[in-house]
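Biologist: I am new to this model. Please give me a close look at one part, the domains, and then show me what goes with it.

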Amino acid sequence: MSIELKNISKKVKGHLHIKETSLTFEPGYFNVLLGETGAGKTSLIKLIAGLDGCSTGQILMDGEDVTALSPQKRNISLVHQFFVNYPHMKVFDNIASPLRVAKMPKSEVEGRVEEAADLLQLRPMLDRYPHELSGGQQQRTALARAIAKESRAIFLDEPLANLDYKLREELRAQLPELFSGRGTVVIYATSEPEEALLLGGKTGLMSDGIVTQFGATADIYRNPVNLTAAEVFSDPPINTARIEKKGSEAVMAGGVSMTLSHAAKELDDGAYILGIRPNDVLPAKNKATDIEIIGNIRVTELSGSQSSAHFSFADENWVSLAHGVHPFDIGENHAFYINIAKCFFFSVDGQLVAQGVNNG
Amino acid sequence: MKKQNQKAWFFVLPVLLLVAFNALIPMMTVVNYSVQETFGNNLFFWQGLDWFENILRSERFHAALGRQFLFTGLILLIEVPLGVIVALSMPRKGFWVSICLVTMALPMLIPWNVVGAMWNIFTLPDIGLVGYFMNHVVGIDYNMTQDPFAAWVTVIVMDVWHWTSLVVLLSYAGLVSIPEAYYQAAKIDGASNWAVFRHIQLPKMKSVLTIAILLRFMDSFNIYTEPFVLTGGGPGNSTTLLSIDLVKIALGQFDLGPAAAMSLIYFAITLLVSWLFYTLMTKDNTN
Amino acid sequence: MAKISLSKLRHSYFDNPKSPEDYALKEIDLEWSDGGAYALLGPSGCGKSTLLNIISGLLTPSEGSVLFDQQDVTALTPDKRNIAQVFQFPVIYDTMTVFDNLAFPLRNRHVDEATVRKRVTEIAAMLEIEDMLRLRASGLSPDNKQKLSMGRGLVRDDVNVVMFDEPLTVIDPHLKWKLRSKLKELHQQLKLTMIYVTHDQTEALTFADKVIVMNDGEVVQIGTPVDLFNRPTHTFVGHFIGSPGMNILPCEMRGKQACFQDMPVKLEGPINAEIKGTAEIGIRPEFVSLGKKGIPAKVRTVADVGRHIVVHAEVKDVTVAAIIAEDVPSVGDDVHLVFESAQTRLYRDGWLATELPKSGTRAGKRTGTATRKAAAK
């Protein structure tokens with residue numbers, strides 16, 4: 001099973017909601033769509049699921065053109081952010097409902113439901129009604145229904161967004177295991193960069209109705225194609241500063257100069273934007289090549305496992321995120337160190353032109 | 001490129017047929033009557049727009065129209081605030097909710113003509129409970145079959161009794177859909193009861209109230225059965241509302257042409273007022 | 001502003017509670033000092049919202065009392081308590097402008113118009129919504145609506161306490177960061193007592209100076225974020241705080257020696273009571289490293305989270321999580337787990353059973369090395 005999108009787009013009232021997109025989704029791993037609210041994740045999922053018609057393009061499932069097929073005929077499942085279950089049915093019947101619609105023999109229905117219930121630890125709840133369950137159990141019921149159906153593709157649209165933090169953590173760990181070894185294509189929409197990283201697989205970054213980058217999750221994280229992609233895939237947001245490059249030197253907006261190497265050194269002289277993720281701006285020097293900058297501390301957050309400092313640097317608000325406990329005084333100046341190997345260099349219009357090289 | 005699915009039109013077809021038989025075809029016959037004169041025997045004479053002109057100039061029509069607007073205006077002025085007040089004072093949860101709701105719905109379940117007959121007997125000065133009470137206990141000279149004022153009061157009280165529940169139920173539905181957090185926030189913000197009503201309840205009830213007012217306007221503007229059974233349009237012509245007058249012309253005098261013209265004018269007025277009201281009420285939602 | 005004390009507070013939603021299970025809140029005694037930033041942290045249904053509503057006066061407790069500066073306010077209604085609250089979903093007055101929304105709590109208290117203008121403009125500037133003051137509130141985006149709700153909570157400077165009930169639920173992750181640090185900044189500027197209720201550890205730990213962890217209607221631990229992270233007094237806190245949470249490993253006591261899968265494990269300090277049979281070892285993934293010697297384990301999963309790498313390794317049938325920075329193993333590799341002894345604790349029946357060693361400085365030093373190790377990535 002695979003899903004191929006060929007130049008699909010969606011226009012609503014003359015406004016392009018989804019710009020021309022061509023992608024291929026494969027089974028065996030999670031296909032994550034990452035983007036802010038309103039980036040078009042749900043719109044794209046609706047197109048693939050057939051809940052909305054494409055304005056242009058084709059959708060192929062296993063090479064078969066399904067563009068004109070209704071969602072029922074595409075054999076897919078959708079799990080929504082809100083817990084959607086049939087309120088008048090017990091958990092068992094909720095999980096069994098798509099199988100019964102498909103007129104599966106009774107004995108087989110029972111087996112499938114029990115298998116799905118075991119995977120999601122719902123066995124003791126099969127006789128209860130949805131309103132007697134907690135939010136996590138309700139969402140697990142919705143997931144079990146989607147799994148029992150053994151559809152060709154399953155769409156998970158921010159399924160964990162309304163759950164407690166710890167529950168989210170548990171399910172996030174379980175989900176990839178649930179789907180591994182199945183021939184189902186899994187497409188998972190989320191607005192949390194960390195969730196994309198934890199789910200692994202492949203990630204497509206979405207912003208403004210277009211998938212800007214698609215590939216193996218860790219690759220995308222380490223090699224963003226442009227500033228927008230880097231912004232979408234950074235939590236907290238990526239720090240940026242304008243730099244002037246001249247020869248092998250670059251001067252940052254705050255007057256700090258840095259020595260460039262490798263690709264960055266080869267760039268034409270001129271203005272660039274430097275981008276660096278908060279976890280590569282640290283309050284202690286680790287390498288001789290680290291660049292020291294001085295920031296004025298605005299807010300600090302100590303969470304035990306990590307410390308973050310929001311500080312002003314060169315008229316920008318920067319964030320530093322470090323493991324462990326680091327005390328800062330608000331309103332005071334503090335030195336921070338940038339790991340040059342982790343820097344991204346963007347052209348003024350936001351395209352990635354060079355990045356630091358991790359050669360130790 | 002894109003294959004448009006045209007199947008949807010088939011689903012609309014039954015409704016189109018229903019509307020045609022229900023509204024369009026009968027209305028075309030009315031239009032047909034309104035421009036001709038007939039004396040029976042299926043003989044028709046072309047009249048053009050004469051009937052319309054006659055109706056629009058007729059004192060009788062003006063009087064009935066005036067009474068109609070007065071009636072509808074009073075009904076709205078009483079039923080809408082009263083309905084909202086009753087809805088506000090109803091319990092939001094607990095045992096009494098269902099009892100209140102059923103009690104409220106009861107008057108609306110009674111057929112129109114039964115309501116008229118009920119109130120007729122109820123208010124008869126000699127044997128009716130209210131009539132007897134007013135005349136012999138309170139000591140007010142009350143006779144709705146002879147006194148136009150008493151007749152008006154009775155017709156209006158009857159309608160208020162029959163239809164305020166509709167406003168109550170719709171407002172209540174609007175009220176219970178307001179999340180608890182709004183009330184809590186208002187309490188903490190130190191808002192007075194009036195401020196809570198003005199800034200939370202009223203805005204959140206707006207859409208249901210629009211529907212309630214629209215329904216009550218159309219219903220009361222077209223009301224026929226209840227006042228006809230109760231007063232028969234009397235005493236004299238004092239409670240002859242538009243619909244009663246229309247039936248008198250059509251079936252009493254058998255003037256089909258003028259009656260048809262009048263009903264078209266009647267229809268146009270109802271449509272115009274409803275449209276005006278609706279656009280005014282929903283105007284600032286769109287921008 | 002005021003000091004808030006809760007005394008012998010209990011609450012049940014039943015009319016005649018019989019067993020302890022009938023209580024949503026089980027006997028709570030707490031003191032909150034003036035001007036602090038507090039967080040109530042716990043899973044859904046732990047009673048944190050009940051507690052919040054009791055403090056704000058939206059709910060009257062079944063037993064016990066709420067004191068503001070030693071004055072009993074248990075019987076007072078919310079508007080008499082002089083408090084402000086921000087709700088989970090934005091509560092705005094649709095018919096009013098942003099300005100009127102912010103001015104509403106002040107005008108209801110008959111504050112003069114000049115002061116209203118001053119306060120509203122100040123708060124709007126702090127929340128960066130000053131250019132929206134003339135707009136109708138109903139047209140704002142969800143995050144601006146929530147900012148407006150927060151603004152209404154912060155606009156009065158005479159409140160005893162400002163309470164936040166999961167205020168970032170509807171906010172996009174990218175904006176969560178901004179709003180959260182904004183809130184923290186506002187706390188530093190306004191010096192108001194703030195109580196923040198959430199199930200999200202990151203929000204609680206980053207916002208508050210002191211976190212109250214609740215479970216099942218009870219307070220499990222109160223402490224600074226660093227305390228809660230370093231020395232959870234209960235395995236629930238260990239598991240609930242941290243991502244992934246603390247490894248809670250079954251162990252067997254052989255005299256004074258704790259053994260995990262038959263291997264002796266060195267603990268942070270002496271055990272405070274006689275323990276026989278089984279207990280639990282608690283160690284955070286941050287303090288588990290992979291070394292040449294140690295407990296043999298097999299790598300089950302490796303997750304690259306960008307900032308660091310989370311390894312789950314199996315020691316027989318028990319999974320141990322480790323957070324590492326470099327020398328990433330592959331799935332199926334045989335590795336050796338090293339527990340940092342200063343960060344290894346023992347729990348009995350869920351409660352902490354080890355003490356810090358008498359010569360206090362050692363543990364702190366060790367934490368420092370772990371920090372550097374992780375930061376060196």
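Modeller: **Domains and core of chain A**

In chain A, the centres of domain 1 and domain 2 are 37 Å apart, taken over C-alpha atoms. This is a predicted model: local features need pLDDT (the predictor's confidence in each residue, from 0 to 100) of at least 70, side-chain atom pairs count only at pLDDT 80 or more, and totals for chains, interfaces and linings use all residues. Residues are numbered from 1 along each chain as its sequence is written, while chains are lettered from A and ligands numbered from 1 in the order in which they are written.

Domain 1 spans 3–232 of chain A, and domain 2 spans 239–355. These bounds come from an automatic or database domain assignment. Six residues of domain 1 of chain A are in contact with seven of domain 2. Contact here requires C-beta atoms, placed from the backbone, within 7 Å of each other. On the domain 1 side, four of these residues are nonpolar, two are polar and none is charged. Nonpolar covers Ala, Val, Leu, Ile, Met, Phe, Trp, Tyr, Cys and Pro; charged covers Asp, Glu, Lys and Arg; the others, Gly among them, are polar.

Now the whole chain. The C-alpha atoms of chain A fill a box of roughly 75 × 45 × 40 Å along the principal axes. Chain A has ten helices and 21 strands. Helices (H or I, at least four residues) and strands (E, at least two) are DSSP runs, numbered from the N terminus. Of its 360 residues, 47% count as buried. Buried means 20 or more other C-beta atoms within 10 Å of the residue's own; 12 or fewer means exposed, in between means partly exposed, and C-beta atoms are placed from the backbone. Take contacts in chain A between residues at least 6 apart in sequence: 65% of them join residues at least 24 apart.

What sits inside? The largest nonpolar core has 96 residues, and A:Ile48, A:Ile95, A:Ala144, A:Phe155 and A:Ile187 touch the most other members. Helix 5 of chain A (residues 135–148) gives this core its largest share, six residues. Both domain 1 and domain 2 of chain A supply residues, so the core lies between them. Such a core is a set of buried Ala, Val, Leu, Ile, Met, Phe, Trp, Tyr and Cys residues joined through C-beta atoms within 7 Å.

Look closely at A:Ile48. Leaving out residues up to four places away in sequence, A:Ile48 touches A:Ile3, A:Leu5, A:Ile59, A:Phe155 and A:Ile187. Another core lies apart, with 76 residues, among them B:Ala185, C:Tyr38, C:Ile54 and C:Val197.

Chain A also meets a neighbour. On chain C, 36 residues are in contact with 37 residues of chain A. Helix 6 (173–190) of chain C, helix 7 (201–207), helix 8 (225–230), strand 16 and helix 10 (361–375) each supply at least two residues to the chain C side. Helix 6 of chain C gives the most, seven residues. By class, this side of chain C has 16 nonpolar, 13 polar and seven charged residues.

Strand 16 of chain C (residues 295–304) also joins strand 17 (residues 309–315), antiparallel, over six bridges. Strands pair when DSSP finds at least two bridges between them. The two form a hairpin with four residues between them, and C:Gly306 in the turn has a positive phi of about 90 degrees. C:Lys298 stands opposite C:Glu314 in strand 17 of chain C.

Technical notes:
Contact = placed C-beta atoms within 7 Å.
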